Amino acid sequence: MKKLSLYIAGAALMVLPTSCIQEFPAQQNGYVTTDQAADAPGSFDNFVSAIIDNNNGEFTFTGSSYQKSNDFGYSSFYLDRDVMGDDIVAYGNNWFSPWYEANYSLGPTYLNCQYPWTFYYRQIRACNTVLGMAGDDPDDSKKSGAGIAYTMRALYYLELAQMFAPQTYGSNDQALTVPIVTDKTTTLEAQDNPCATNKEMYEFILSDLDKAEVLLADYKRSDKYTPDVSVVNGLRARAYLIMRDWANAEKYAKLAAQGYEVLTAEQYTDRTNGFNNANWGNSWMFAMQIKPTDTCQTYNDGDNSWGTWMICEFPSDSSGLGYYNTYGGCMIIDRHLYETVPATDCRKKCFLDFAIDEMETEEEVLTALAEYSDVPEYVYGTGLAQEQFGGLSLKFRSKGGNHDNPQYVGWCVDLPIMRVEEMKLIEAEAAGMQDEGRGKALLEAFAKTRDPQYVYGQHNEAYYNTKTPAFQNEVWWQRRIEFWAEGLATFDIKRLEKGIIRSYPNSNHNDGYRWNMQETPNWMNLCIIQTESNYNKAIVSNPAPVTPDGNSPEYTW
């Protein structure tokens, strides 16, 4: 019978389906014990489902008043992370500005700091509950559920390690990450539980994935919203890439990719199914599903959701919904990154040309917008709400091409957690770090699926950092544009020890936040919430971020 603090593990009741809660009484102290959970009819399957069901679309602080427009579960952390760098401008009336601006509110005494800590450890608690119920040697009825829990726990710790460690494994395997909490961690142990080093954390993650592979060996999933062995291998590939274990990164990326196919250019830019459908093509390996019954969709007209920030093809004058198309807040691609994308690359079609802002008449603009959307008049309204067109994203399309009901249809999309394209690029990078010629061939094969006229060497800007070879910079550029707004940007900046460049001629970054830094920004190392360090005396946290003072001198490319 285990019970841990709210901050270190998350309250168990936060992750239970309603039907499961009704099956048994909680103790007076508000905790549900493992024994009670095990006695509830069908509860094991309910607990397994809860890991996935509560991953996205629910507020971190369920039932509280802290329901903000940047707090909608797992996908909100994609944007938290990606706006910290230079690939995305958090424009206008934007709830993600603290992360973009390296704001003091990212410090350990503020709520923004608590979002990731509470969410990830809540989800880890859900995994631990399942593993406690399954036991060390699960019977056949519990094997797949335990395998899913091990896989998800590995995913969460892998992301926590990257978010909190000031240096990633490949740079310093002794850098501190976060405390490891398992289904066997006692309350007393949790009160004196130091942050694991990168080495300790990655050994733990890989151990979880080894167990998951065995338990999921015969598992056949019915959809892509739950992980299977391919996802296990994909997580291994991610881990080994960070560890700079190139041989294993290549091996597992290749294994993970088996049975999947890279999106074609037409599929990537499809106006009906573009980045909203896990089954569009056979590229997505693992996905999350936003449902019309999710709290973040039903509350406040759905304006606490992924769609409100990222999907723009809705009327801005009648629906009254959406920061993107109504309230003047959205995510815009960095102008320099956009300008480095050749016109022959299909991914350029996912972002509005900055030249549209120079057009003089509404008719000219609408004609230009028709090249991007079936509802150019709606995108026109969005541009007026944002007071600009250049850089606006149409990568993420509304569900099924619905343009009239965002809250309960259009915004209720699938989002990728892992795609085969990532595996292809991990394989190329890892191969190239062993044999550049082999890696170059793999990279060119991938890049030509996006740009038939791709020429190797176009995209190897060093971004101040000369530690990484030109080949690795070329792969990094492909990752930046391929996975724009999919939550990988900051992870790559830290992994490759890059700086950022926001200040340059014609920059579209917000005035006052046009910073150029030769080192990885310190605000990318998240702080541990103070309430946790008060509870766990062994915690060592990163210092609060320091906001740079004013714009940097313009960088000349």
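**Reading the labels in this model**

Biologist: Where is Arg244 placed?

Modeller: Arg244 sits in the loop between helix 11 (229-243) and helix 12 (246-257). Keep in mind that this is a predicted model.

Biologist: Why is Arg244 called partly exposed?

Modeller: Its relative accessibility is 32%. Buried would need under 20%, and exposed would need over 50%. Arg244 meets neither cut-off, so it counts as partly exposed.

Biologist: What is said of the phi of Arg244?

Modeller: Phi is positive there, about 65 degrees, although Arg244 is not a glycine. Glu387 also has a positive phi, near 65 degrees, and is a residue other than glycine. Glu387 lies in the loop between helix 19 (376-386) and helix 20 (406-410).

Biologist: What makes Glu387 exposed?

Modeller: The relative accessible area of Glu387 is 68%. Exposed means over 50%, so Glu387 earns the word.

Biologist: Now the cysteines. How many disulfides does the structure hold?

Modeller: It holds 0. Cys113 is in no disulfide, and the nearest cysteine sulfur, in Cys527, is 5.3 Å away. A disulfide needs two cysteine sulfur atoms within 2.5 Å, so this pair does not qualify.

Biologist: Why is Cys296 not in a bond?

Modeller: The closest cysteine sulfur to that of Cys296 belongs to Cys412, and it is 11 Å away. That is too far for a bond.

Biologist: Are Cys113 and Cys296 buried or exposed?

Modeller: Cys113 has a relative accessible area of 4%. Cys296 has a relative accessibility of 1%. Buried means under 20%, so Cys113 is buried, and so is Cys296.

Biologist: On to charges. How many salt bridges does the structure hold?

Modeller: There are 31 salt bridges. One of them joins the side chains of Glu159 and Arg81.

Biologist: What makes Glu159 and Arg81 a salt bridge?

Modeller: Their N to O distance is 3.8 Å. The cut-off is within 4 Å, so the pair passes.

Biologist: Why can the pair be said to tie parts together?

Modeller: Glu159 is in helix 8 (residues 143-164), and Arg81 is in helix 5 (residues 74-82). The two parts are 78 residues apart in sequence, so the pair ties them together. Both Glu159 and Arg81 are buried.

Biologist: What makes Asp374 and Arg271 a salt bridge?

Modeller: Their closest N and O atoms are 2.9 Å apart. That is within 4 Å, so the name fits. Asp374 is in the loop between helix 18 (362-369) and helix 19, while Arg271 is in the loop between helix 13 (265-268) and strand 2 (284-289). The pair links distant parts of the chain, 103 residues apart.

Biologist: Why is Arg271 called partly exposed?

Modeller: Arg271 has 25% relative accessibility. Buried stops under 20% and exposed starts over 50%, so partly exposed is the label left.

Biologist: How do you know that Arg397 forms a salt bridge with Glu313?

Modeller: The closest N and O atoms are 3.0 Å apart. Within 4 Å is enough, so the pair counts. Arg397 and Glu313 are both buried. Elsewhere, shared partners join several residues into one network, including Asp345, Arg347, Lys395 and Arg419.

Biologist: Last, strand 1. What makes it mostly covered?

Modeller: Strand 1 (residues 88-92) has 4 of its 5 residues buried.

Biologist: How do you know that strand 1 and strand 3 pair?

Modeller: They share 5 bridges in the antiparallel sense. At least two are needed, so strand 1 and strand 3 pair. Val89 stands opposite Ile332 in strand 3.

How values were computed: Residues are numbered from 1 along each chain as its sequence is written. This is a predicted model: local features need pLDDT of at least 70, side-chain atom pairs count only at pLDDT 80 or more; totals for chains, interfaces and linings use all residues. Side-chain values use heavy atoms; hydrogens and water are left out. Buried means under 20% relative accessible area, exposed over 50%, partly exposed in between (1.4 Å probe, protein chains only).
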